[in-house]
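Reader: I should like to go through the assignments made for this structure and hear the reasoning behind each of them. Please set every value against its criterion.

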Amino acid sequence: MEFKYKQHIDRLLSLGIALPKLMIPNNKHSYRFIFKDLPEKNHIPQYITNPKRALTAIEKSSASTSGYALSCFEREDKAKARFASLEANIRNIRKTIGDSLASGTISESDGLISIAESNTTHFDLYESCTCDLSTTFEYQCAL
């Protein structure tokens, strides 16, 4: 499978930064942060939204391939808790990652996913070239 941001990911791989263990999503129901009234800003990885962030991370040797993946959660309550935690510590978080929660199903054709963290249920989706979550994820609630 070819990833949507292959050239960017390949650059990190050439620097010795490894991909996490990835697996097929098997129609995994998930949750993501979105911008309710700015759909053109939804489902874009952080390093694509803010390329300077990727360069800074590389310079500081803190870069991760997850900057080119989409953050997702297995559980709605864990996604809401993570947003509340971020909001308490980052003043403009609503302008950075979204103001609402969406849910949808990630299929095999969407890409590959990392293993979910047990306490947060967070995982990353490494999108395939044909992935378009705007067609399968729907608005759930404001955050």
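Reader: Why is Cys131 called buried?

Author: In this predicted model, Cys131 has a relative accessibility of 3%. Buried means under 20%, so Cys131 counts as buried.

Reader: What makes Cys131 too far from the closest cysteine sulfur for a bond?

Author: The closest cysteine sulfur belongs to Cys72 and lies 8.9 Å from that of Cys131. A disulfide requires sulfur atoms within 2.5 Å; therefore this pair does not qualify.

Reader: How do you know that Cys141 is in no disulfide?

Author: For Cys141 the nearest cysteine sulfur is again that of Cys72, at 16 Å, whereas the cut-off is 2.5 Å. The count by this rule is 0 disulfides.

Reader: Why does Cys141 count as buried?

Author: The relative accessibility of Cys141 is 19%, and the limit is under 20%, so Cys141 is classed as buried.

Reader: What makes up the largest nonpolar core?

Author: That core has 12 residues, among them Phe3, Leu12, Tyr68 and Tyr126. Helix 1 (6-14) and helix 3 (51-59) are the elements that give two or more residues to it. A second, separate core of 11 residues includes Cys131, together with Ile34, Ala102 and Phe123.

Reader: Which residues is Tyr68 in contact with, leaving aside neighbours within four places in sequence?

Author: Tyr68 is in contact with Tyr5, His8, Ile9, Leu12, Pro45, Tyr47, Ile48 and Ala54, where contact means heavy atoms within 4.5 Å.

Key
Residues are numbered from 1 along each chain as its sequence is written. This is a predicted model: local features need pLDDT of at least 70, side-chain atom pairs count only at pLDDT 80 or more; totals for chains, interfaces and linings use all residues. Side-chain values use heavy atoms; hydrogens and water are left out. A nonpolar core is a set of buried Ala, Val, Leu, Ile, Met, Phe, Trp, Tyr and Cys residues joined through side-chain atoms within 4.5 Å. Buried means under 20% relative accessible area, exposed over 50%, partly exposed in between (1.4 Å probe, protein chains only). Helices (H or I, at least four residues) and strands (E, at least two) are DSSP runs, numbered from the N terminus.
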